[in-house]
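The following paragraphs lead the reader through the structure, from its domains to its salt bridges and then to one of its helices.

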Amino acid sequence: MTQPASANVHQARWQQTLTRVRTRVENVPSYRASGRIIRATGLVLEAVGLRVPLGSACRIELSSPGSERTAQFAEAEVVGFSGEKLFLMPLAEISGLTPGARVFPLGEGELTSARRFPLGDSLLGRVLDGNGRPLDDQGPLLDIPHAPLATPPLNPLSRAPINTQIDVGIRAINSLLSVGRGQRMGLFAGSGVGKSVLLGMMARYTQADVIVVGLIGERGREVQDFIDNILGDEGLRRSVVVAAPADTSPLQRLQGASYATRLAEAFRDEGRNVLLIMDSLTRYAMAQREIALAIGEPPATKGYPPSVFAKLPSLVERAGNGKRGGGSITAFYTVLTEGDDQQDPIADSARAILDGHIVLSRELAEAGHYPAIDIEASISRAMTAIVEDDQQRQAQAFKQLFSRYQRNRDLISVGAYSPGHDPQLDQAVKLYPQLENFLQQRIDERADIGHSRQTMAVLLGVGGTR
């Protein structure tokens, strides 16, 4: 009697399952290497008895309170070595660590599984931590492709040039500091000058297929506030948010920034135009400083070890345009200027590796001028390649009038200015209220490129500067 076709299919499936299980069992090593913890100082654990490369993941055995038979494990990463000693840094705060605790390197299969991160469209609208685990209440991430964080660098000669302006919805930026698709801009600001609000406006108004937001080293309260009140439902629907707040380990903060960049790279490789917002690049540098100092790297410029200044370009260079005909990553990195010091070493280094910088002024913010963009101190290095000559001349004329007024502001305020001696200053005084109004914008107001150009042309045409 012949078996039905369904029984044959069922039997074939069982045979395939048994074959896979047999293969996995045969590949299990006959022994498992382990080391032990010999020292724990601050953030760093020292282990001996293992030979694993830098960046490898390990599991540290922890004693479980109240039971000697059960053990828990904490994940750590190899961040350095000296002779036979390995320097490990846990991914999260650990408790129950004892002298001589065993350390297990993750096997090849486990390493691939543990150090791969979720990617893809299923993450849109989600909020994740630096490990790719959900922080929201929308359920687990199932059947999602995973990939490692590291990617090979793009050949600089194969990148598409920056030749197309992108609409960010901010009048002052669209007209005076035009941003190109694939450009990497820095947002330099002290605390409390409207940096997060400006980022949220760009996230809602920028013409991009996907938005990736990396909140690195910020206060936990600000993460929820940025998502609910600044990004909003409209912005979140086409965004992926990676949050590694200040209370996470420095390794998690580094990993969060790399993961946000990796997400943007994955969308770019699919041919999409991505907006990457990283808040902030300074916290990323501070996390690397904590790690470097903990493993004994000597401080250099204002307490920052040399590895910090090597990490910054390797992160920033991953953004930008992809290959010709492909996608792009337009990136905005916030840089905190402590005490509004523009010569801070991180600010100075970021200014050198970015394609332009937008400076927010505390003086303007205190005067109620929002967004508090200091157009005299800001510049877009790609503007000349992406805008027409007419707009370039109008932007230059606008800045000249604005700067002329600012240089003579004290004389004007005390009544020492008398018209008729300097035609350009007379024009600047006449137009200044309109110039100032042009630079201001409400949080719920969107100004596209066409409207921004037209408004500036009309404004300068009234003064006869066209």
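**Domains, salt bridges and a bent helix**

In this predicted model, the C-alpha centres of domain 1 and domain 2 lie 32 Å apart. Nine residues of domain 1 and ten residues of domain 2 take part in the contact. Together the two domains bury about 800 Å², of which 75% falls on carbon and sulfur atoms. On the side of domain 1, Leu43, Met89 and Leu91 account for 57% of the area buried against domain 2, more than any other three residues. The interface of domain 1 and domain 2 contains zero salt bridges. As for the bounds, domain 1 covers residues 35-105, domain 2 covers 116-387 and domain 3 covers 391-460.

The structure as a whole holds 20 salt bridges. One of them joins Glu46 to Lys85, with the closest N and O atoms 3.5 Å apart. This pair links distant parts of the chain, since Glu46 belongs to strand E2 (residues 44-48) and Lys85 to strand E5 (residues 85-90), 39 residues apart. Glu46 is buried, its relative accessible area being 11%, whereas Lys85 is partly exposed at 29%. Arg39 joins Glu46 and Lys85 in a network of salt bridges.

A second pair consists of Arg184 and Asp355, whose closest N and O atoms are 3.3 Å apart. Arg184 is located in strand E10 (residues 184-189) and Asp355 in the loop between helix H9 (345-353) and strand E16 (356-359), so this salt bridge ties together parts that are 171 residues apart in sequence. Because buried means under 20% relative accessible area, Arg184 qualifies at 10%, and Asp355 qualifies at 16%.

Asp279 and Lys195 form a further salt bridge, with 3.5 Å between the closest N and O atoms. Asp279 lies in strand E13 (residues 273-279) and Lys195 in helix H4, so the pair ties together parts that are 84 residues apart in sequence. Both Asp279 and Lys195 are buried.

Helix H4 also appears in the surroundings of helix H5: the elements that cover the buried residues of H5 include strand E8 (126-128), helix H4 (195-205), strand E11 (210-216) and strand E12 (239-244). Those buried residues are Val223, Phe226, Ile227, Ile230, Leu231, Gly232, Gly235 and Leu236. H5 itself spans residues 220-237, yet the end C-alpha atoms of this helix of 18 residues are only 21 Å apart, short of the 26 Å that a straight helix would reach at 1.5 Å a residue. At Leu231, H5 bends by about 100 degrees, and Leu231 is also one of the buried residues of the helix.

How values were computed:
Residues are numbered from 1 along each chain as its sequence is written. This is a predicted model: local features need pLDDT of at least 70, side-chain atom pairs count only at pLDDT 80 or more; totals for chains, interfaces and linings use all residues. Side-chain values use heavy atoms; hydrogens and water are left out. Helices (H or I, at least four residues) and strands (E, at least two) are DSSP runs, numbered from the N terminus. The expected span of a helix is 1.5 Å times one less than its number of residues. The bend at a residue is the angle between axes fitted to the seven residues ending there and the seven starting there. Buried means under 20% relative accessible area, exposed over 50%, partly exposed in between (1.4 Å probe, protein chains only). Contact means heavy atoms within 4.5 Å. Domain bounds come from an automatic or database domain assignment. Buried area is the accessible area (1.4 Å probe) that two parts lose on being put together, summed over both. A salt bridge is a side-chain nitrogen of Lys or Arg within 4 Å of a carboxyl oxygen of Asp or Glu.
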